[in-house]
Amino acid sequence: MKKHRFLTLSAFICGLLFGLGLLMAGMANPAKVLGFLDIAGLWDPSLALVMVGGIVVAFIAFSLSKKMPHSLLQTKFNWPDATAITKPLLIGSTLFGLGWGLVGLCPGPALVLAGSGAIEGLLFVVFMLIGFRLADLVQARLS
Amino acid sequence: MDWMNFTPQQSLLGGLFIGLATALLWLLNGRIAGISGIAAGSLTSSGAERWWRLAFVLGLVLSSWVWLLLAPLPEVQVTSNYQLLALAGLLVGFGARLGSGCTSGHGICGLSRLSGRSLVATVTFMTVAMVTVFVVRHLL
């Protein structure tokens, strides 16, 4: 039982750090995200550096974990096992890109904005949650 | 290039924070920091599986308040109207779930695990997002 408390606490701290990172990076500002996606206009390359920073640190963690029998809190490493390039992957990523490009919000920044009390963030998150549910229903129909 | 709005230090530092959060969730909990998967799972899973996901989402939701303890919030500019926000929210939620991940799960975690599947997903959504912005800003 005690282990679950530590897992919950560490997940909370990770969520907090993730959100602070998004705010610092400028990812929580849709105008900045759109400026990054607008390569034909006045391009702001800042957000490429977010990916570089994130990937370098995460790469080290994933590499380290290959030599560990289990996680530091004694759980197994939940390696994603899917490798196939499927239709749902391609269609889903296309629709996701369309939505992201329309307003400049993806799930993490949307939750941060909604948490700050911004009505735009709240509205987006409500419809995002409906989208999750619809996709689950479609997936259930397909399988 | 938009040198006026270019923020290399802040964006790199923010990226390192995102990487740190991803690294800690993996090394401590053995979980992938994919926001869409975690947020969707926080509503559909049960028991301990649900708690860590809810806690992670709560951390994200409260982050701007923790930020406010230290500094004023950075600028947020939303130019889209409510109809467009609702439509985009629906597309982002549906697409991320159907495609098994978003910018965090595929873009950060997947690429740093050298997953070919995540590379395909990331290239797809980045390209579509850039084309969308191009059409909206330069063609319509």
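A salt bridge is taken here as a side-chain nitrogen of Lys or Arg within 4 Å of a carboxyl oxygen of Asp or Glu. By this rule, the count between domain 1 of chain A and domain 2 of chain A is 0 salt bridges. The structure is a predicted model, and the boundary between these two domains is described before the chains and the interface between them.

The domain assignment divides chain A into domain 1, residues 1-79, and domain 2, residues 82-143. The centres of domain 1 of chain A and domain 2 of chain A, taken over C-alpha atoms, are separated by 18 Å. To the contact, domain 1 of chain A gives 9 residues and domain 2 of chain A gives 10 residues. About 770 Å² is buried between domain 1 of chain A and domain 2 of chain A, and 83% of that area is on carbon and sulfur atoms. The search for polar contacts across this interface, with both residues at pLDDT 80 or more, finds 0 residue pairs. On the side of domain 1 of chain A that touches domain 2 of chain A, the elements giving two or more residues are helix 1 (2-25) and helix 2 (30-37) of chain A. Helix 2 of chain A provides the largest share of that side, with 4 residues. By class, the side of domain 1 of chain A that touches domain 2 of chain A consists of 8 nonpolar residues, 1 polar residue and no charged residues.

Chain A as a whole contains 6 helices and 0 strands, and its pattern along the sequence is α-α-α-α-α-α. Taken along the principal axes, the C-alpha atoms of chain A fill a box of roughly 50 × 40 × 30 Å. An unreviewed UniProt entry places the annotation "transmembrane region" on residues 45-64, 85-105 and 111-135 of chain A. In the model, residues 45-64 of chain A are 95% helix and 0% strand, with end C-alpha atoms 30 Å apart. Residues 111-135 of chain A are 92% helix and 0% strand, and the end C-alpha atoms of this span lie 19 Å apart. One backbone feature of chain A falls outside the helices: A:Gln74 is located in the loop between helix 3 (46-65) and helix 4 (87-103) of chain A. Although A:Gln74 is not a glycine, its phi is positive, at about 65°.

The secondary structure of chain B likewise comes to 6 helices and 0 strands, following the pattern α-α-α-α-α-α along the sequence. The box filled by the C-alpha atoms of chain B, taken along the principal axes, is roughly 50 × 40 × 35 Å. For chain B, the unreviewed UniProt entry gives the annotation "transmembrane region" for residues 12-30, 51-70, 82-99 and 119-139. Residues 12-30 of chain B are 95% helix and 0% strand, and the end C-alpha atoms of the span are 25 Å apart. For residues 82-99 of chain B, the helix content is 94% and the strand content 0%, with the end C-alpha atoms 25 Å apart. In the loop between helix 5 and helix 6 of chain B lies B:Leu114. B:Leu114, a residue other than glycine, has a positive phi near 60°.

The interface between the chains brings 104 residues of chain B into contact with 104 residues of chain A. The size of an interface is often given as the accessible area lost when the parts come together. Chain B and chain A bury about 9600 Å² between them, of which 78% is on carbon and sulfur atoms. In chain B, the residues that lose the most area to chain A are B:Trp26, B:Leu98 and B:Arg117, which together account for 8% of what that side buries.

The count between chain B and chain A is 2 salt bridges. One salt bridge joins A:Asp38 and B:Arg137, whose closest N and O atoms are 3.0 Å apart. Polar contacts across the interface of chain B and chain A number 22 residue pairs, both residues being at pLDDT 80 or more. At least two residues of the side of chain B that touches chain A are supplied by each of helix 1 (8-29), helix 2 (35-44), helix 3 (48-70), helix 4 (82-98), helix 5 (103-112) and helix 6 (116-139) of chain B. Helix 1 of chain B contributes the largest share of this side, 21 residues. By class, the side of chain B that touches chain A comprises 66 nonpolar, 31 polar and 7 charged residues.

Methods. Residues are numbered from 1 along each chain as its sequence is written. Chains are lettered from A and ligands numbered from 1 in the order in which they are written. This is a predicted model: local features need pLDDT of at least 70, side-chain atom pairs count only at pLDDT 80 or more; totals for chains, interfaces and linings use all residues. Side-chain values use heavy atoms; hydrogens and water are left out. Contact means heavy atoms within 4.5 Å. Buried area is the accessible area (1.4 Å probe) that two parts lose on being put together, summed over both. A polar contact is a pair of N or O atoms within 3.5 Å; within protein, one must be able to donate a hydrogen and the other to accept it, and residues adjacent in sequence count only if both atoms are side-chain atoms. Ala, Val, Leu, Ile, Met, Phe, Trp, Tyr, Cys and Pro count as nonpolar, Asp, Glu, Lys and Arg as charged, and the others, Gly among them, as polar. Domain bounds come from an automatic or database domain assignment. UniProt positions are given in the numbering used here, feature names are shortened, and annotations may be inferred rather than shown by experiment.
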